[in-house]
Amino acid sequence: MFKSLVKSIGQLGHAVLDSSPEGILLADDEGNIMYANKSYSLICRSDGQKRVGKNILKTNPHGALTEVLLTGQPVFGKKHIPLGAHTEVFSNAFPIHIGDQFVGAIVFFREAAEAINVLGELAKARKDIRFSSNISEQIEQARYDFTRYDFSNIAGKTQCFKKSLALARRVSRTDSTVLLRGESGTGKQLFAEAIHNTSTRRYQPFINVNCAAIPDNLLESEFFGYEKGSFTGAGQQKIGTFELANQGTIFLDEIGDMDLRLQAKLLQVLQSGTFRRLGGTKEIKVNTRVIAATNRNLEELIAKDLFRIDLYYRLNVVSIEIPPLRERIDDIPLIARNLLPKINCRVGRVIKGLEDEALVKLANHHWPGNIRELENVLEKASTLCDGEWIMAEDICLSPLPSQMPESIVSLEELEKSMISRALQKFGPSLAGKKEAARALGISLTTLYNKLRKIQDD
Ligand SMILES: Nc1ncnc2c1ncn2[C@@H]1O[C@H](COP(=O)(O)OP(=O)(O)OP(=O)(O)O)[C@@H](O)[C@H]1O
């Protein structure tokens, strides 16, 4: 019946569907593709008519349309790469019923880069709302802050990584506090977002606080907010991140860098679920899930009295260790395949993949900056690459052998010299530091930490 209905869409119906800038694909309840519009072909860079008659359950088992066919439920904002496409898309898909009968499903999708631009504009427009005096607006903004990742975005199939992933999936179904541990750039934030986006809190805010990037004296007001007039400059009331994350998740990144006084306050909130805004008298109760992350050795910090053992036990309910890339070299091809669509969007190229020799070159590198460094290397290679496939010579791994000092120096010295070279090259401004961190394959926070350490030495 559905087939004959699709046939009867008619000329006008086709013209209407073809005028949509969104790709549209229609399948019957068994997954047989019945219709693809013009934008489908443009976005996927392949003839949509050739997909008609194929079965979506087989050709795209992880797509939004398949999910609707398997669950009968609508899917919103699923990010994935359609078959044949080189760019990621955001899809909304819906079941189709005629009367009570489930007859098929339809998916509408747009290129992710386009959707991200729209979201960027939205975020820009909303940027100042947090500092407005209207509390409900502040909370509303946090609710719509954009988190991108779920487990389908996390690439990796080596045994050690699969263990971490399985634990993260399991814990996402609970409300437990989680401590994510791993070197810089291993994907701790990605895991935190995926856990939140798979949990029952997924429609509530996910608030990310980088404890190392905010100066100690501001972190308390960032966490708990303040009342108007509570200190010079507090011209209006501000909601803290704990309150914004109420019903949702707060991600405390770089928790090992939090100062001891604030650790005590944090512990108190974790124990009681209540706090007061700075200058406030009212106890505020929150129901916020905590996911913390660190690349530092907390046990060592405890031994040096730099981290509270009681807070450690509070946070360490479920600890997930994310292995560094050098321990999962076999994952490089898969991760590269996963990163390329994102990079293609950024650099405006259509790179299909890597030649074997390029993969061997990547496998032989030590990867101090982990996946962030791999992403930078691939982005540079995508820009240099002449054709559609990245070759070994397109891959620049730093430090280049010719830039290595003649004599052997300690890794610490080498790191210092690379940091100072990067800052010389890009300049000491915030923008320069961001560029330097990118070139070094580390996060801005890690760069700040390293600079602080160099100054202390
Ligand atoms: N398994 C993965 N598959 C694909 N991309 C990944 C994976 N893990 C990390 N990435 C990408 O690598 C980059 C770094 O990841 P992320 O920011 O989550 O690392 P991190 O451990 O939180 O780093 P830091 O400790 O420096 O803050 C991001 O762009 C992320 O999307």
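Two residues are taken to be in contact if their C-beta atoms, placed from the backbone, lie within 7 Å, and helices (H or I, at least four residues) and strands (E, at least two) are DSSP runs numbered from the N terminus. The structure is a predicted model, in which local features need pLDDT of at least 70 and side-chain atom pairs count only at pLDDT 80 or more, while totals for chains, interfaces and linings use all residues. Residues are numbered from 1 along each chain as its sequence is written.

Helix 9 (188-198) is a convenient place to begin. Nine of its eleven residues are buried, a residue being buried if 20 or more other C-beta atoms lie within 10 Å of its own, exposed if 12 or fewer, and partly exposed in between, with C-beta atoms placed from the backbone. Those buried residues are K188, L190, F191, A192, E193, A194, I195, H196 and N197, and their cover includes helix 8 (159-172) together with strands 6 (178-181), 7 (206-210), 10 (249-253), 13 (289-294) and 14 (318-321).

K188 also leads to the ligand, since among the 21 residues around it, S184, G187, K188, Q189 and S443 come nearest; a residue counts as near a molecule or strand if its C-beta atom, placed from the backbone, lies within 6 Å of it. Helix 9, helix 15 (332-347) and helix 17 (370-384) are the elements that give two or more residues to this shell. At least three shell residues come from each of domain 2 (132-321) and domain 3 (328-397), with bounds from an automatic or database domain assignment.

Elsewhere, five strands form an open sheet in the order 2-1-5-4-3 with antiparallel pairing, where two strands pair if DSSP finds at least two bridges between them. Its edges are strand 2 (33-36) and strand 3 (75-80), each of which pairs on one side only, and neighbouring strands are turned by 25° against each other on average, direction ignored. Axes here are lines fitted to C-alpha atoms, for helices over the stretch in contact, and angles run from 0 to 180 degrees between N-to-C directions. Strand 3 joins strand 4 (residues 89-98) in the antiparallel sense over four bridges, and H80 has V89 of strand 4 as its bridge partner. Helix 5 (residues 64-71) packs on the sheet, touching strand 1 (23-28), strand 3, strand 4 and strand 5 (101-111), and its direction makes about 35° with that of strand 4.

Within strand 5 lies V103, which is partly exposed because 16 other C-beta atoms lie within 10 Å. The C-alpha atoms of V103 and A27 are separated by 8.7 Å, although these residues are 76 residues apart along the chain.
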